[in-house]
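Let's walk through this model together with a few questions and answers.

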Amino acid sequence: MPVIEVRDLSRKFGDFTAVNGVSFEVEQGEIIGFLGPNGAGKTTTINMLCTLLKPTGGSASVNGFDVASRQDMVRRSIGLIFQDPTLDERLTGWQNLQFHAMLYDVPAAVFESRAKELLEMVELTDKVKESVKAFSGGMKRRLEIARGLLHHPKVLFLDEPTIGLDPQTRRHIWEYLVKVRDQERLTLFLTTHYMDEAEIADRIAIIDHGDIVALDTPSKLKAMVGGDVVTLCTDDDERAQRVLAGLGVTPTKRDDGLRVEIDHGDRFIPLVLGAMSAATLSRRVQGINTKLRQNGLPVCDAPGTAVRFKKSGGHETDEGKGAPEELSPVETDWADDPADRETTIRAFLGASAADREYFLQTKPGIEEEARKYLKRARVKSGRD
Ligand SMILES: Nc1ncnc2c1ncn2[C@@H]1O[C@H](COP(=O)(O)OP(=O)(O)OP(=O)(O)O)[C@@H](O)[C@H]1O
Ligand SMILES: [Mg+2]
């Protein structure tokens with residue numbers, strides 16, 4: 001049974017929807033990361049799961065307890081590290097822990113050994129008698145983690161636990177958390193802005209404007225982000241697929257064409273065009289566009305980079321253009337008329353390298369025709 005079950009969970013503030021019907025499940029011992037920009041709805045989701053905020057729609061249960069009707073039971077079974085520090089600065093580290101133990105009815109005998117064990121883990125044993133006022137940001141966070149774990153919660157919620165901390169401290173904090181997860185089969189629910197931090201999670205939910213736009217393992221999400229998507233619109237997809245297979249690429253067939261995910265779309269497109277025309281397929285290519293997937297938001301309609309084919313050939317990339325653009329049509333009949341053919345060949349021979357690329361893409365066989373033309377010209381001028 002999942003430790004966290006969320007169904008169509010929503011939260012509105014007046015007319016504004018902060019969380020828009022999210023659904024997901026988290027298994028025991030799993031680390032789930034909520035990754036998203038400011039205002040995405042991360043804290044609002046956590047607050048609903050921790051019973052600090054009532055949902056306005058949908059349902060959620062934590063450790064089998066409904067968050068709306070069994071608030072007490074939910075609260076007893078979870079630990080929470082808030083986005084903003086909540087330690088009492090007037091107390092010492094140890095006193096902060098004692099106060100928490102009192103609130104959670106942790107028996108004195110259990111408290112003593114548990115607190116020592118946790119303080120050792122977060123490397124604060126030597127500091128615990130000092131006033132929290134004198135703690136650094138990293139020390140405060142570590143103390144909050146120890147406090148959050150004091151009453152043996154089954155789920156620990158951490159809202160941006162490492163914000164503002166240096167990379168080394170962040171790494172240490174993750175090491176502690178993974179250690180407790182492994183030792184106690186604790187479930188961790190964390191939010192973060194950082195992809196690298198979210199990578200520690202078993203699964204990452206990417207949340208934006210209150211919607212979960214992706215939920216998968218870090219490696220699968222990473223494979224989805226950061227590269228280019230090239231969509232090939234052809235009227236013979238099977239042949240195109242064979243050509244792509246020859247390039248070692250497996251496309252996904254979609255309504256809008258053959259979709260290829262590739263690291264360097266800019267290098268891949270000329271390759272495809274070359275291979276397509278070698279297979280006399282280029283006349284069938286109707287359009288190609290790439291969309292640079294936004295880091296962290298691998299959604300299909302993410303604004304990105306389009307490849308625009310200029311009349312002069314070659315391609316250029318433009319930020320913010322998402323729509324496919326028509327490729328200059330391939331003219332299979334360009335050589336049919338002898339007069340036109342000669343003019344075209346001369347234009348090809350006099351063209352710049354970039355413009356030659358355009359002729360090669362749109363006029364199949366022009367290179368061979370040009371070679372023949374030059375040979376004929378040499379014969380005529382008696383040089384051959
Ligand atoms: N009590 C509230 N009243 C009105 N609007 C709120 C309230 N709490 C949150 N919001 C709005 O809901 C949206 C989501 O806020 P939330 O705090 O969940 O975002 P977040 O993902 O945690 O962002 P951050 O990364 O900045 O912490 C924001 O637009 C915020 O302004
Ligand atoms: Mg927040």
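Here are some notes on how to read the model, followed by the questions.

This is a predicted model, in which local features need pLDDT of at least 70, side-chain atom pairs count only at pLDDT 80 or more, and totals for chains, interfaces and linings use all residues. Residues are numbered from 1 along each chain as its sequence is written, while chains are lettered from A and ligands numbered from 1 in the order in which they are written.

Q: Which element gives the most residues to the shell around ligand 1?
A: A residue is near the ligand if its C-beta atom, placed from the backbone, lies within 6 Å of it. Strand E2 (16-26) and helix H1 (42-49) each supply at least two residues of that shell; helices (H or I, at least four residues) and strands (E, at least two) are DSSP runs, numbered from the N terminus. With 3 residues, the top contributor is H1.

Q: Is H1 largely enclosed or not, and how many of its residues are buried?
A: A residue is buried if 20 or more other C-beta atoms, placed from the backbone, lie within 10 Å of its own. Among those that qualify in H1 are Lys42, Ile46 and Leu49. H1 is largely enclosed by the rest of the structure, because the buried count is 8 of the 8 residues.

Q: How are H5 and H6 oriented to each other?
A: The axes, lines fitted to C-alpha atoms over the stretch in contact, with angles from 0 to 180 degrees between N-to-C directions, come within 10 Å and cross at roughly 10 degrees. Angles under 35 degrees count as roughly parallel. H5 and H6 are therefore roughly parallel.

Technical notes: Angles under 35 degrees count as roughly parallel, over 145 as roughly antiparallel, 65 to 115 as roughly perpendicular and the rest as oblique. A residue is buried if 20 or more other C-beta atoms lie within 10 Å of its own, exposed if 12 or fewer, and partly exposed in between; C-beta atoms are placed from the backbone.
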